[in-house]
Amino acid sequence: MSKKRVVLGMSGGVDSSVAAYLLQQQGYEVVGLFMRNWDSFLNNDILGNENITQDICPQEQDYLDAQAVAKELNIEIHRVDFVKEYWDKVFSYLINEYQKGRTPNPDIFCNKYIKFNSFANYAFNELKADFIAMGHYAETKDGFLYRAKDNNKDQSYFLAQLTNEQLKKVIFPLANITKDKVREIANLLKLTTANKKDSTGICFIGERHFTKFLENYIPSQPGNIIDIYSQKVVGKHIGAMYYTIGQRKGLNLGGFEKPYFVVGHNLAKKEIYVTNDDHKEYLLSDQLIATDVNFLANNYNENNLTAKFRYRQTDIAVKLFKINNDKIAVYYKDTEAVTPGQQIVIYNGDLVVAGGIIDEIFYKNQKKTYL
């Protein structure tokens, strides 16, 4: 009986390296596939890019590391470019959202359109895969999505826009393993990536000075920073769209008794609204509307739902009301800095129930009741 063929996304990091080994141990025929999704010169990625003058960019180093691990584990590796697809499906969306004054999460769309669509199509059609695999910390059973064992590394939040059909053909080898164990295995095997630092920053783009990076694509539009409580101008900014709700760093507001944070903006007037800890009520909301909602589970305990409004947030108890097939109202206790453009992911225990894009938030004096 021939082995099932699994095409694994190899990023040149330790997680996908150990995922390859674990798949081998489980009896699969493993094939690596490295994705190149960003071209700094083609995409005018100049401002905010400290790596632009290096002899070898981090992305090319990642490919060399992936090749080295493939050789160490004796598996074949391929390379594919999705630069255009990434720009069209992920990056254009990111820029459009920032231009609207919202804060998108590109990792979610990267998973939805690139890793589990473009990559999957290439793996199944060109490399004749039976399954695809990724080094994500998450678990899938019968097309349903669950949190990983390592709660600190769990990435189910970023996968909640996938479909049940997509998930039926996906293996997550790290579902029941901790990050510490991954490092331990990599060191025992003496893999090239054993002690490589985890990648950070924007999905497939990497670390950037974010405001300067956005200036490559959204021209700065200076304006006033206004204390929302006193209505006084307290400073100047270079572009309202560069700032997100709850942001404290980068405002360059000195000389005040208490630090300010962002509570809103008016792009038409080029104004940012701020306040300090004396008036946190301007940052507190207790209900929201989410759109583009993807339901992964229809059988769940509606009295035991929790949600994350951003990655690494502690779960908050919520009540859910379906407005229509892809639009929901969500109710919760007072929470700071819930941000339009970000994703809400709803859980029933470890089961992912749904994920959607936060479209509107309602402060305590803005009631709009569906329940």
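A residue is called buried here when its relative accessible area is under 20%. With that cut-off in hand, let's walk through this predicted model, starting with two cysteines.

**The annotated cysteines**

The unreviewed UniProt entry carries an "active site" annotation that covers C110 and C203. The two span 94 residues in sequence, yet their C-alpha atoms are no more than 7.0 Å apart, so they gather at one spot. Their settings are set side by side below.

| Residue | Place | Relative accessibility |
|---|---|---|
| C110 | helix α4 (residues 106-125) | 0%, buried |
| C203 | loop between α6 (179-188) and α7 (210-215) | 8%, buried |

Because its relative accessibility is 0%, C110 counts as buried. C203, at 8%, counts as buried too. Which residues does C203 touch, leaving aside its neighbours within four places in sequence? They are Y86, D107 and C110, so the partner cysteine of the annotation is itself one of the contacts of C203.

**Helix α1**

Next comes helix α1, residues 14-25. At 1.5 Å a residue, its 12 residues should span 16 Å, and the end C-alpha atoms are 17 Å apart, which agrees. This helix is mostly covered, with nine of its 12 residues buried. The buried residues are V14, D15, S16, S17, V18, A19, A20, L22 and L23. What lies over them? The cover includes the strands β1 (5-9), β2 (29-36), β4 (131-133) and β7 (170-171), together with the helices α2 (58-73) and α6. Just after α1, G27 takes a positive phi of about 95°.

**Domains and the contact between domains 2 and 3**

Stepping back to the whole chain, the domain assignment gives domain 1 (5-189), domain 2 (219-278) and domain 3 (282-367). The centres of domain 2 and domain 3, taken over C-alpha atoms, are separated by 27 Å. Their contact takes nine residues from domain 2 and six residues from domain 3.

How much area is buried between domain 2 and domain 3? It is about 590 Å², and carbon and sulfur atoms give 73% of it. On the domain 2 side, I228, I245 and V263 supply 60% of the area buried against domain 3, more than any other three residues. As for charged pairs, zero salt bridges are found across this interface.

Key:
Residues numbered from 1 in each chain as written. Predicted model: local features only at pLDDT ≥ 70, side-chain atom pairs only at ≥ 80, totals over all residues. Heavy atoms only, no water. UniProt positions renumbered as here; feature names shortened; annotations may be inferred. Helix = DSSP H or I, 4+ residues; strand = E, 2+ residues; numbered from the N terminus. Buried < 20%, exposed > 50% of the residue type's maximum accessible area, 1.4 Å probe, protein only. Contact = heavy atoms within 4.5 Å. Expected span 1.5 Å × (residues − 1). Domains from an automatic or database assignment. Buried area = accessible area lost by both parts, 1.4 Å probe. Salt bridge = Lys/Arg side-chain N within 4 Å of Asp/Glu carboxyl O.
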